[in-house]
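This report addresses selected backbone and cysteine features for a reader new to the structure. The sequence and model are shown first.

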Amino acid sequence: MTITSSDTDGSTNPYIRTPLVYSPSLSKITGSTVLLKLEVLQPSGSFKSRGIGHLVLQTVLDSPPGQKPHIFSSSGGNAGCAAAQAAQKYGCPCTVVVPSNVAPNMVTRLRDNYGANVILYGDMWREADTKVRQMVAEHKDGQAKYCPPFDDPLIWEGNSFMIDEVVEQLEDAGYDKSKLKAISCSVGGGGLFTGVVTGLKRHYPLSGEQPIVVSVETYGTESLNASIKRGELVTLPKITSIASSLGADRVASAAFDAAQTYPTRSVVVTDAQAVGSCLRILDENRLFVEPACGAALAPWYYSDIYDLRSKLMLGTDSVLVIIVCGGSTVTLESMVRYKDTFQDML
C-alpha cells in the first residue's frame with residue numbers, strides 16, 4: 001500500500017504543509033518575485049520530515065497487522081531527528097547509533113524529545129552506520145528497518161510532495177505556474193535535490209519550459225559539483241566545511257543522474273556566505289537555521305557575486321522559490337561562534 005500526498009491529511013501525515021512566503025528583501029535584491037518555502041517549520045525542524053517520514057510511514061503500512069517496525073538510523077543530525085520523530089508519531093521503537101563526537105544537545109533531543117534509544121559508537125559516521133546496519137541484519141523478528149539519511153526512492157518520493165504543494169500554493173496566490181523559473185535548494189547527499197527534480201518533472205513536462213534547479217553546496221562539501229564537472233560520481237577525500245549537514249562525501253547516484261537529465265545550475269558558496277545568509281534570514285524573518293540551509297540563500301543574498309539573475313535570465317515577472325530547509329543542529333552558541341569566526345567576511 002502506498003500513500004501519496006493527496007491521500008494524507010494532518011492526522012496521519014509525518015510532515016506538515018509549510019508556508020510559501022514572499023521575501024521583500026530578496027525580491028528587491030534579485031528584481032524578481034522571491035518566495036521562501038519554510039521547511040524549517042517541519043515537526044523535526046527540517047525538510048527531512050518529508051522523505052524520511054514518508055519512508056517510516058510506508059514501513060508501518062507494510063508491516064503485518066498488529067506489529068510495529070523497529071526504526072534504525074545512524075544520523076545524529078536532521079535525518080536522525082526525522083526518523084525518531086516519525087517513529088514516535090506512529091508508536092514505533094527507534095534506535096539511533098551516532099558517533100561519539102555528536103553534539104550532546106542532539107543526543108538529549110533524540111532521547112528526551114523523541115524517546116529514541118541512542119547508542120554512541122565509533123568516531124566517524126561511517127563507523128556508526130556500519131554498526132547500525134549490523135544491528136538490523138542481526139535483528140531476529142524481521143521488523144527492523146534501516147532508515148538511510150538520503151539514498152532511498154521512498155525518501156525522494158516524500159520530498160517530491162513539496163513541489164506539489166509549491167505548485168498549488170503558487171496557483172492559490174494567483175501566480176501562473178509557468179512563471180516559476182528557478183528553485184534553489186541545498187545539496188548534501190542529494191535526497192532533497194532528487195525529490196525536487198522528481199516533483200518538477202510531474203508538473204513541467206520535458207516538451208515545455210522547465211524551472212531550473214539551483215543546487216547549492218559549500219566549499220568542502222561540493223560532491224555534486226565535482227561530479228558534474230568530471231562527468232562521473234566523485235568521492236571527496238574529506239569534508240572541510242562547517243555546514244556539517246551537507247557533509248556527504250559522495251552524492252546518491254540518483255542525484256547525479258537527476259543533474260544530468262534535468263536543467264540544473266550547480267553553485268558553490270563559502271562558509272562565510274552561508275553564515276551571513278543565516279544571520280540575514282534571522283533578522284528579516286525571525287527564522288533560525290543552520291549554515292547548510294543558509295547555503296541555498298547565499299547565491300541570492302550575495303547576488304552581486306553570483307549574478308544568477310542574468311545567468312538564468314530572470315525577469316521582473318519571474319518567480320524564484322528558495323527552500324529554507326531548516327536544521328536541527330544549530331544552537332545559539334554555535335551561531336555566535338560562526339559569526340565571530342567570519343565577522344570580517346560578512
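## Asp307

In this predicted model, Asp307 is partly exposed, and its relative accessible area is 37%. The residue lies in the loop that separates helix H12 (303-306) from helix H13 (308-311). Although Asp307 is not a glycine, its phi is positive, near 50°.

## Arg286

A positive phi also occurs at Arg286, where the angle is near 60° in a residue other than glycine. Arg286 is placed in the loop between helix H10 (271-285) and helix H11 (291-301). With a relative accessible area of 63%, Arg286 is exposed.

## Cysteines and disulfides

A disulfide is a covalent bond joining the sulfur atoms of two cysteines. How many disulfides does a search of the whole structure find? The search gives 0.

Two cysteines illustrate this result. For Cys293, the closest cysteine sulfur belongs to Cys325 and is 4.0 Å away, which is too far for a bond, because a disulfide requires the two sulfur atoms to be within 2.5 Å. For Cys92, the closest cysteine sulfur is that of Cys94, at 8.9 Å, likewise too far for a bond.

## Burial of the two cysteines

Is Cys293 buried or exposed? Cys293 counts as buried, with a relative accessibility of 0%. Cys92 also counts as buried, at 8% relative accessibility; the cut-off for this class is under 20% relative accessible area.

Note on methods
Residues are numbered from 1 along each chain as its sequence is written. This is a predicted model: local features need pLDDT of at least 70, side-chain atom pairs count only at pLDDT 80 or more; totals for chains, interfaces and linings use all residues. Side-chain values use heavy atoms; hydrogens and water are left out. Helices (H or I, at least four residues) and strands (E, at least two) are DSSP runs, numbered from the N terminus. Buried means under 20% relative accessible area, exposed over 50%, partly exposed in between (1.4 Å probe, protein chains only).
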